[in-house]
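Keep the sequence and the 3D view side by side. The tour below goes strand by strand.

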Amino acid sequence: MRVLGKSSLESCIEAASPSRSCIPRSPKAPRATPQHGPWCKEEGEEPPAASCSPIPLAPSSWGRNLLLHADAGLEAGRPRPPSWRRPARLRGAGQRSMAGAAAAGPGMVLAVLGGLILLLRGGGEAKAAVVAEPCQAPRQWEGRTVFYEHGTGRNTRAAVSYDGPNQRLRILEERKALIPCKKFFEYILLYKDAVMFQIEQVTKLCSKISLTEPWDPYDIPANSTYEDQYYLGGPGDEIMVQEWSDRKPARKLESWVGVYTVKDCYPVQETYTKNYSVTTSTRFFDLQLGIADPSVFTPPSTCQRAQLRKMRDEC
């Protein structure tokens, strides 16, 4: 069966006369085959095979559009514009690559898909490598903290002065409310001297206690394990933080988890666990760089007569 070309269809249209009619086949009319288009016939005779043979059309939207355009043109008694032709399909670079791979066979398709997967995976690993570097936390700052003891359920609010280079820490408990028989203390921890001073805020009584634990700065150790990165807050009022821990592949649980801001590496929260249970957690806020008054690390004169036992915070 021969396809009716453009010149054949136009010759059929131009030859239309009272004794010769071009009858379009409606798309909804019964057809000899589903893909046949318009056809022409002489009155009382079959159409010539060369000029009015059926037009096979591809079962696509283009084929249906061609049929409708041809019907409309024939019914109006006018030929189609000479320059009308099926537009070429435009492809992107990715479409060309996949089309070529499909033409080459399923093996090439798998190779192309495998390359794309490796490219995406490589990009993700590169990104993870960038964000998985511990940041350098500020070495001197002042702010406020909430220290929570999970065993007792007690929250302790305090003003904190942190001096990393000199390994000094000063904690001043805040009096948020009048609690009967409750004492508030000031703590001065001097790790280079391995000593801690406990000062009762009202009476200035002082206790001098030896420090047995090593200095543990508020920072992210170099051998820490990257856990996650996320936003605190919500849209328009958020801050990005990273979560780190001392978890190792050979150990399932961690004993320390630290959350630090991405921008300036300020501490947000630190949590310590012992014997597979959470023991303490500290939240940080209102931080300011530097030490406004270095004398806060100097014990008061009452500590010259300090007692050697720790004072209780209750009557």
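Val195 in S7 is the bridge partner of Leu190. This pair belongs to a longer match in the predicted model: strand S6 (residues 185-190) and S7 run antiparallel and share six bridges. Four residues lie between the two strands of this hairpin. One of them, Ala194, takes a positive phi near 55°.

Now turn to the other neighbour of S7. Val195 also has a bridge partner in S8, and that partner is Ser210. Strand S8 covers residues 206-210 and pairs with S7 in the antiparallel sense over five bridges. S7 and S8 form a hairpin too, with five residues between them. In this turn Lys204 has a positive phi of about 65°.

How many residues of strand S7 are buried? Six of the six, over residues 195-200, so the strand is largely enclosed by the rest of the structure. Look at where the side chains go. Val195, Phe197 and Ile199 point one way from S7. Met196, Gln198 and Glu200 point the other way. Both sets are buried, Gln198 and Glu200 included. The alternation follows a general rule: in a regular strand, side chains alternate between the two faces of the sheet.

Step back to the whole sheet. It is open, has 11 strands and is paired antiparallel. The order is S8-S7-S6-S5-S4-S3-S13-S12-S11-S10-S9. Which strands stand at the edges? They are S8 and strand S9 (225-234). Each has a single partner strand, so one side of each is left without a neighbour in the sheet. On average, neighbouring strands of this sheet are turned by 20° against each other, direction ignored.

Follow that order past S6. Strand S5 (residues 168-173) and strand S4 (residues 154-163) pair in the antiparallel sense over six bridges. Here Ser161 stands opposite Arg170 in S5.

Next comes a pairing between strands far apart in numbering: strand S3 (residues 140-149) pairs with strand S13 (residues 277-289). The sense is antiparallel, and there are eight bridges. Thr145 stands opposite Phe284 in S13.

S13 has another partner, strand S12 (residues 267-274). These two pair in the antiparallel sense over six bridges. Lys274 stands opposite Ser277 in S13. The hairpin of S12 and S13 has two residues between the strands. Asn275 in this turn has a positive phi of about 55°.

Now move to the loop between strand S11 (256-261) and S12, where Val262 is found. Is Val262 buried, partly exposed or exposed? Its relative accessible area is 33%. Buried means under 20% and exposed means over 50%, so Val262 counts as partly exposed. Leaving aside neighbours within four places in sequence, Val262 is in contact with Gln229, Met240, Val241 and Gln242. Tyr230 is 32 residues from Val262 in sequence. In space the two are 9.6 Å apart, C-alpha to C-alpha.

Finally, consider confidence. The mean pLDDT of the protein is 73, and 57% of its residues reach 70 or more. Over residues 1-43 the pLDDT is below 50. Even so, this stretch has 81 contacts in the model beyond near neighbours in sequence. Residues 123-130 also have pLDDT below 50. This stretch has zero contacts in the model beyond near neighbours in sequence.

Definitions and conventions
Residues numbered from 1 in each chain as written. Predicted model: local features only at pLDDT ≥ 70, side-chain atom pairs only at ≥ 80, totals over all residues. Heavy atoms only, no water. Buried < 20%, exposed > 50% of the residue type's maximum accessible area, 1.4 Å probe, protein only. Pairing = 2+ DSSP bridges. pLDDT = per-residue confidence, 0-100. Contact = heavy atoms within 4.5 Å. Axes fitted to C-alpha atoms, helices over the stretch in contact; angles between N-to-C directions.
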